[in-house]
Amino acid sequence: AAHLPGPDVGRDERATFVGDVWGTLLGLPHGRFQRAFRDAGLTEGGAQLGYYTQKEGGELHFTAAVKDGKVYACRDALLAEVAAMAQAGYFTEEDLA
């Protein structure tokens with residue numbers, strides 16, 4: 001598991017709503033993020049990347065049950081998916097419906 005600082009309600013309330021929606025989209029079983037880990041056989045059942053809404057110091061978190069010998073491949077997949085999220089089309093119309 002990894003934890004990174006994210007937006008907090010006290011300083012950027014609007015960003016906390018974005019963080020909540022983003023985390024929900026990443027958890028969709030049919031979504032690209034879940035498939036990147038599950039279909040590649042890197043984890044037992046997918047991975048979680050999300051945001052905990054908090055008044056002071058909200059945090060982003062990543063959690064996965066990584067298969068033996070797949071730690072570096074899982075890390076690389078995470079970094080690739082985060083980079084891909086910056087490109088248009090990462091989330092599909094089906095995801096957003």
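**Note on the predicted model**

1. Y90 counts as buried because its relative accessibility is 5%, under the 20% cut-off. F91 counts as partly exposed, at 23% relative accessibility. The model in which these values were computed is a predicted one.

2. Aromatic pairs come to three by the ring-centre rule. One of them is formed by Y90 and F91, with 4.9 Å from centre to centre and 85 degrees between the planes. That pair is edge-to-face, because planes over 60 degrees apart are counted so. Elsewhere, ring pairs link F33, F37 and F62 into a cluster.

3. On secondary structure, the protein chain has four helices and three strands. Read from the N terminus, the order of elements is β-α-α-β-β-α-α.

4. On overall dimensions, the radius of gyration of the protein chain is 14 Å, which agrees with the value near 13 Å for a compact globule of 97 residues. The C-alpha trace spans about 40 × 30 × 20 Å along its principal axes.

5. On packing, 32% of the 97 residues in the protein chain are buried. Of the contacts between residues at least 6 apart in sequence, 60% join residues at least 24 apart.

6. On the surface, the protein chain exposes about 6100 Å². Carbon and sulfur atoms supply 57% of that area.

7. On charge, the protein chain carries 9 positive and 14 negative charges. The mean positions of the two sets lie 4 Å apart.

Technical notes: Residues numbered from 1 in each chain as written. Predicted model: local features only at pLDDT ≥ 70, side-chain atom pairs only at ≥ 80, totals over all residues. Heavy atoms only, no water. Phe/Tyr/Trp six-rings, centres within 6.5 Å; stacked < 30°, edge-to-face > 60°. Buried < 20%, exposed > 50% of the residue type's maximum accessible area, 1.4 Å probe, protein only. Helix = DSSP H or I, 4+ residues; strand = E, 2+ residues; numbered from the N terminus. Rg over C-alpha atoms; globule rule 2.2 N^0.38 Å. Contact = heavy atoms within 4.5 Å. Areas by Shrake-Rupley, 256 points an atom, 1.4 Å probe, with all protein chains shown as cover. Lys, Arg positive; Asp, Glu negative; His and termini not counted. Charge placed at Lys NZ, Arg CZ, Asp CG, Glu CD.
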